[in-house]
Amino acid sequence: MKKMKAGVFGAAVVLSVGIAGCSSAQQSSSTGTSVAPTTMASSPAASDYTNLLIKPSDIDADWTLKTSKAEKNGITGVYGNGAGTEKISTAVIVRENATAAAAAVAAAKNDVAQKVGAAFTSIGIGVDGGILNSTDGTTVVAFAEGAAFSIIEFNSKTGEYVPAEVAVAIAEKQDTAIKNGVK
C-alpha cells in the first residue's frame, strides 16, 4: 500500500481527534493541542461508541472488522475483505453539537483535500457530505450527522478507485448507524 493512502486517513483522523475537543469558538493550536468540551449532551457513553460503526455485513458478506479503537469522543474501525485486497477505514467523532460537528468535518475535508491535491465533490449524505478520489486510488467520504462526523477511506492494493455508488452506499449505512446511535 502506498504511503499516501495511509497518510490521507491518518491526517483526517489526527485532525478530527485533535479538533474533537474544540468548541466552535475555540481553535486547536498548530501542535494539535485541544481544549476539552464542557458538555457532551445527547451523545452515547464512551463505552457505547462501538455502536456507531457500520457492521461488516453492511459492506459485503466477506468483509470483517479487523480492528477498532476508541478515540477521544469517538471510534475508528478498519475493515478488510476476505481476499485481503481492499480496506475501509472509518472514524466517527462525536462533538458537543451539530454546529461543532459540521465545522469539524469542513476542516477535516479541507485538510485532506490540501494533502492530496484533490477536491471533494458534494454528495447528499448528512451535512456537508463529500467524496474525493486522490491520485493514488484512495477514495474518501466525509460528512457530519447531528453531533457527529465521519470520515471513511477506501483503499485497494491494486490502486483502483472504489466506484462512487459503492462508497456512497456504504457512507449512507454509516450515516444511519450514527443517526441511530447519537440522539
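Student: What makes strand E1 (residues 64-71) and strand E2 (residues 74-80) a pair?

Tutor: In this predicted model, 7 bridges join E1 to E2, and the two strands run antiparallel. Pairing requires at least two bridges, and E1 and E2, with 7, therefore count as paired. Within this pair, Ser 68 stands opposite Gly 77 of E2.

Student: What do E1 and E2 form, and which residue in the turn has a positive phi?

Tutor: E1 and E2 form a hairpin with 2 residues between them. Asn 73, in the turn, has a positive phi of about 60°.

Student: Why is Thr 76 called buried?

Tutor: Thr 76 has its place in strand E2. Its relative accessible area is 10%; the term buried applies under 20%, so Thr 76 is buried. The side chain of Thr 76 also makes a polar contact with the side chain of Glu 71, at 3.3 Å. The cut-off for such a pair of N or O atoms is 3.5 Å, and a separation of 3.3 Å satisfies it.

Student: In what order do the 7 strands form the open sheet?

Tutor: The order is E1-E2-E3-E7-E6-E5-E4, with antiparallel pairing. At the edges are E1 and strand E4 (121-122), each of which pairs on one side only. In general, strands of a sheet pair through backbone hydrogen bonds, in either a parallel or an antiparallel sense.

Student: How do you know that E7 pairs with E3 and with E6?

Tutor: E3 and E7 pair in the antiparallel sense over 9 bridges. Strand E6 (residues 139-145) and E7 pair in the antiparallel sense over 7 bridges. Both counts meet the requirement of at least two bridges. On the E3 side, Ala 91 stands opposite Ile 151 of E7. On the E6 side, Val 141 stands opposite Ile 152, and Phe 143 stands opposite Ser 150. E6 and E7 also form a hairpin with 2 residues between them, and Gly 146 in the turn has a positive phi of about 60°.

Student: What makes E7 mostly covered, and which residues are buried on its faces?

Tutor: Of the 9 residues of E7, 9 are buried. In a regular strand, side chains alternate between the two faces of the sheet. One side of E7 holds Ala 148, Ser 150, Ile 152, Phe 154 and Ser 156; the other holds Phe 149, Ile 151, Glu 153 and Asn 155. The residues on both sides are all buried, and both faces of E7 are thus covered.

Student: How do you know that the span of helix H3 (residues 98-116) agrees with its 19 residues?

Tutor: At 1.5 Å a residue, the 19 residues of H3 should span 27 Å. The end C-alpha atoms of H3 are 27 Å apart, which agrees. At the start of H3, a side-chain oxygen of Asn 97 reaches to within 3.1 Å of the backbone nitrogen of Thr 99. Just after H3, Gly 117 takes a positive phi of about 70°. The buried residues of H3 include Ala 101, Ala 104, Val 105, Ala 108 and Val 112. An α-helix has 3.6 residues a turn, so residues three or four places apart point the same way.

Student: Against which elements do the buried residues of H4 pack?

Tutor: The buried residues of H4 pack against helix H2 (56-59), strand E3 (86-94), strand E5 (127-133), E6 and E7. Among these buried residues are Val 168, Ile 170, Ala 171, Gln 174 and Ile 178. H4 has 18 residues and reaches 25 Å from its first C-alpha to its last, close to the expected 26 Å.

Student: Why does Pro 163 count as partly exposed?

Tutor: Its relative accessibility is 40%. Buried is under 20% and exposed is over 50%, so Pro 163, at 40%, falls in between and counts as partly exposed. Pro 163 lies in the loop between strand E7 (148-156) and helix H4 (164-181). Pro 163 and Thr 139 are 24 residues apart in sequence and 8.8 Å apart in space, C-alpha to C-alpha.

Student: What is the mean pLDDT of the protein, and where is the pLDDT below 50?

Tutor: The mean pLDDT is 80, and 73% of the residues reach 70 or more. Over residues 1-7 the pLDDT is below 50, and this stretch has 13 contacts beyond near neighbours in sequence. Over residues 14-46 the pLDDT stays under 50, and the model has 59 contacts for them beyond four places in sequence.

How values were computed:
Residues are numbered from 1 along each chain as its sequence is written. Side-chain values use heavy atoms; hydrogens and water are left out. Helices (H or I, at least four residues) and strands (E, at least two) are DSSP runs, numbered from the N terminus. The expected span of a helix is 1.5 Å times one less than its number of residues. Buried means under 20% relative accessible area, exposed over 50%, partly exposed in between (1.4 Å probe, protein chains only). A polar contact is a pair of N or O atoms within 3.5 Å; within protein, one must be able to donate a hydrogen and the other to accept it, and residues adjacent in sequence count only if both atoms are side-chain atoms. pLDDT is the predictor's confidence in each residue, from 0 to 100. Contact means heavy atoms within 4.5 Å.
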